[in-house]
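Q: Hi, could you walk me through this structure? I'd like to start with one side chain and then move outwards.

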Amino acid sequence: MSTSTSPENPMKLFLKVVLFIAFYFALCIALHGCKAKPMENTHEVETVIASKKDSIKTTIISGAINDTLKIQLPKVQTAKPECDSITKAELQRVLQLLDSRKKSGDNETGIYYDSLRNQIIAWQKIAQTKNVNTATNKEFVYLKGDKQIKYVSVKYIPLWVKILASIGAMTLLFIVYRISRIFI
């Protein structure tokens, strides 16, 4: 019985070691692309400008006005009573010329002499008025805040990559099997 400490075929052992190292490096390269990426942190400073608008509306409505002014003319009396009729006739003639009327939109005004009543009549018709006043108060609000966004990477390996990796692994196993059949 003889016992030997040396291997039977040193070439076989060398090829096994070389194939093991090649398989180990191929596996490391294949799995290197699947490692998790480091988490990314971003830091933002966010400023929000908000605008607030407030308004008050005041409406004042004045009603329509119909106004008439009647002035009664007194009897004509002069120092000489024989001149009263001549003065009265001339005054009547001048007052007959008094007839004026103005119109603007819904507003009218006029003056005329009414000889039957012996009066000067001034009249006005003023439509209703509407005054609208709007007071606006505008205010800006500034908000400043920090915002930290943390991105978490999700591993995603597409199906076609998994299929190609499986085919590559089976090919490597087949090659290792064929080479080991030569030397074993």
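Q: Which backbone nitrogen does the side chain of Asp114 reach?
A: The side chain of Asp114 reaches the backbone nitrogen of Leu116, at 3.4 Å. A polar contact here is a pair of N or O atoms within 3.5 Å; within protein, one must be able to donate a hydrogen and the other to accept it, and residues adjacent in sequence count only if both atoms are side-chain atoms. Do keep in mind that this is a predicted model, where local features need pLDDT of at least 70 and side-chain atom pairs count only at pLDDT 80 or more, while totals for chains, interfaces and linings use all residues. Side-chain values use heavy atoms, without hydrogens or water, and residues are numbered from 1 along each chain as its sequence is written.

Q: Thanks! Is Asp114 buried or exposed?
A: Asp114 is buried, because its relative accessible area is 16% (buried is under 20%, exposed over 50%, partly exposed in between, with a 1.4 Å probe and protein chains only).

Q: And what is Asp114 in contact with, leaving aside its neighbours within four places in sequence?
A: Gln119 and Ile121, where contact means heavy atoms within 4.5 Å.

Q: Where does Asp114 lie?
A: Asp114 lies in strand 4; strands (E, at least two residues) and helices (H or I, at least four) are DSSP runs numbered from the N terminus.

Q: How confident is the predictor about strand 4?
A: Strand 4 (residues 107-114) has the highest mean pLDDT among the elements, 90, and strand 1 (residues 40-62) the lowest, 72. pLDDT is the predictor's confidence in each residue, from 0 to 100. The chain averages 79, and 77% of the residues score at least 70.

Q: Next, the loop after strand 4. What is phi of Asn118?
A: Asn118 lies in the loop between strand 4 and strand 5, and its phi is near 60°, a positive value in a residue other than glycine. Most residues other than glycine have a negative phi.

Q: Now the sheet. What is the strand order?
A: Four strands form an open sheet in the order 2-5-4-3, with antiparallel pairing. Two strands pair if DSSP finds at least two bridges between them.

Q: Which strands stand at the edges?
A: Strand 2 (65-72) and strand 3 (99-104); each has a single partner strand, so one side of each is left without a neighbour in the sheet.

Q: How many bridges join strand 2 and strand 5?
A: Strand 2 and strand 5 (residues 119-126) pair over eight bridges. Asn66 stands opposite Lys125 in strand 5.
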